[in-house]
Amino acid sequence: MESRGRDYEQLLAVAVRVLESWGHQSPWPAVAGAFAECLDVEVATVTQIERGGARPLTWTSDGLSGQQVRELSRQSVRARNPLIGHYRTQADPCPRTPEEVIGRAAWDRSPAREVALSFTGAGHMLAVPSALTGSAQRGLVLYSGAPFSPARRAFAHRAQPLLAAIDAHDRAVAHLRQAGPRRAEDNARSYGLTPRELTVLTLLSQALPAKTIAARLGISVRTVQTHIHRVYKKLGTRDRMETCLLARNLGLTGDGPAPAPDA
């Protein structure tokens with residue numbers, strides 16, 4: 001019980017660190033750095049596994065450059081790292097080690113293990129999925145010089161709801177930016193909307209019910225309703241339809257009319 005309490009304290013610290021980094025930068029560098037510290041690993045990457053292979057999105061390591069991390073990923077694909085093959089073909093939400101996928105003896109003599117050792121000096125890996133969307137799985141890949149203990153595995157498992165919430169928030173913000181790059185965020189700030197309120201508003205404008213929004217963001221329905229009511233108050237609206245129409249006209253959801261040209 002005491003260990004679980006410490007885990008949740010650390011996860012809260014991770015959440016705060018990610019929220020503090022929110023803005024025009026990705027949350028994933030903060031995630032990778034926080035988990036590297038919490039789990040005491042040599043290297044932590046955030047990797048997206050797709051049908052064509054694996055692509056590192058960010059990483060944390062004092063000894064590896066970006067070019068080296070990308071080469072680690074390429075060579076891992078060529079060496080048929082069992083984690084890449086597993087998550088590319090299985091919709092598996094659970095954290096896994098290579099030993100779980102192919103067995104300890106097979107991993108010990110695997111070329112993929114040699115690749116990991118040559119780049120990171122660590123022969124033990126743990127993949128922690130954040131979310132499965134379409135044909136791509138995104139999550140943490142951790143490299144450790146020591147086997148992952150039950151305590152570290154338990155922490156990774158407890159971290160998954162937080163990772164899923166960060167993933168959902170990041171995808172929603174990416175969609176918003178693609179639809180109306182900086183304008184929606186700038187307009188939201190002018191109305192005093194927080195990043196999370198803007199994310200909820202974006203999902204609300206897609207005609208999603210509160211229950212679905214809560215599931216996507218990894219929060220409770222009650223919290224979603226609180227965000228919605230705060231949005232109503234800040235925009236001076238009374239219901240969902242009025243709020244969504246106004247948000248569109250103000251360019252808050254990225255799909256509204258372009259701003260009028262300067263006179």
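Colleague: How many residues does helix H2 have, and what span is expected of H2 at 1.5 Å a residue?

Modeller: In this predicted model, H2 has 12 residues and reaches 16 Å from its first C-alpha to its last, which is close to the 16 Å expected at 1.5 Å a residue.

Colleague: What makes H2 a mostly covered helix?

Modeller: Nine of the 12 residues of H2 are buried, and these are Trp28, Ala30, Val31, Ala32, Gly33, Ala34, Phe35, Ala36 and Leu39.

Colleague: Which residue follows H2, and what is the sign of its phi?

Modeller: Asp40 follows H2 and has a positive phi, near 55°, although Asp40 is not a glycine. Most residues other than glycine have a negative phi. Asp40 is found in the loop between H2 and S1.

Colleague: Why is Asp40 called exposed?

Modeller: The relative accessible area of Asp40 is 63%, and exposed means over 50%, so Asp40 is counted as exposed.

Colleague: Where is Ala207 found, and why is Ala207 called exposed?

Modeller: Ala207 is found in the loop between helix H10 (195-204) and helix H11 (210-217), and its phi is also positive, near 65°. Its relative accessible area is 62%, and the cut-off for exposed is over 50%, so Ala207 is exposed.

Colleague: Which residues have the most contacts inside the largest nonpolar core?

Modeller: That core has 23 residues, and those with the most contacts inside it are Val31, Phe35, Val41, Val128, Leu140, Leu142 and Leu163. Helix H1 (2-21), H2, S1, strand S3 (124-133), strand S4 (136-144) and helix H8 (150-179) each supply at least two residues of this core, and the largest share, seven residues, comes from H2. In soluble globular proteins, nonpolar side chains tend to be buried together.

Colleague: Which residues does Leu142 touch, not counting residues up to four places away in sequence?

Modeller: Leu142 touches Leu39, Val41, Val43, Ala44, His124, Met125, Leu126, Val128 and Phe148. Apart from the largest core lies another core, of 20 residues, among them Ala54, Tyr87, Ala122 and Ala127.

Colleague: How do you know that strands S1 and S2 pair, and which way do they run?

Modeller: Seven bridges join S1 (residues 43-50) to S2 (residues 53-60), and pairing asks for at least two bridges, so the strands count as paired. S1 and S2 run antiparallel and form a hairpin with two residues between them, with Glu50 standing opposite Gly53 in S2.

Colleague: Why is Ser73 called buried?

Modeller: Ser73, whose place is in helix H3 (residues 66-78), has a relative accessibility of 10%, and buried means under 20%, so Ser73 counts as buried. Leaving aside neighbours within four places in sequence, Ser73 is in contact with Ala54, Arg55 and Pro56.

Colleague: What makes the pairing of Ser73 with Ala54 a candidate for a polar contact?

Modeller: A polar atom of the side chain of Ser73 lies 2.9 Å from the backbone oxygen of Ala54, and the cut-off for a polar contact is within 3.5 Å.

Colleague: Why is Ala154 called partly exposed?

Modeller: Ala154, in helix H8, has a relative accessibility of 25%, and partly exposed lies between under 20% and over 50%, so Ala154 counts as partly exposed.

Colleague: How many disulfides does the structure hold, and are Cys94 and Cys244 buried or partly exposed?

Modeller: The structure holds zero disulfides. Cys94 is partly exposed at 31%, whereas Cys244, at 18%, is buried because buried means under 20%.

Terms used. Residues are numbered from 1 along each chain as its sequence is written. This is a predicted model: local features need pLDDT of at least 70, side-chain atom pairs count only at pLDDT 80 or more; totals for chains, interfaces and linings use all residues. Side-chain values use heavy atoms; hydrogens and water are left out. A disulfide is a pair of cysteine sulfur atoms within 2.5 Å. Buried means under 20% relative accessible area, exposed over 50%, partly exposed in between (1.4 Å probe, protein chains only). Helices (H or I, at least four residues) and strands (E, at least two) are DSSP runs, numbered from the N terminus. A nonpolar core is a set of buried Ala, Val, Leu, Ile, Met, Phe, Trp, Tyr and Cys residues joined through side-chain atoms within 4.5 Å. Contact means heavy atoms within 4.5 Å. The expected span of a helix is 1.5 Å times one less than its number of residues. A polar contact is a pair of N or O atoms within 3.5 Å; within protein, one must be able to donate a hydrogen and the other to accept it, and residues adjacent in sequence count only if both atoms are side-chain atoms.
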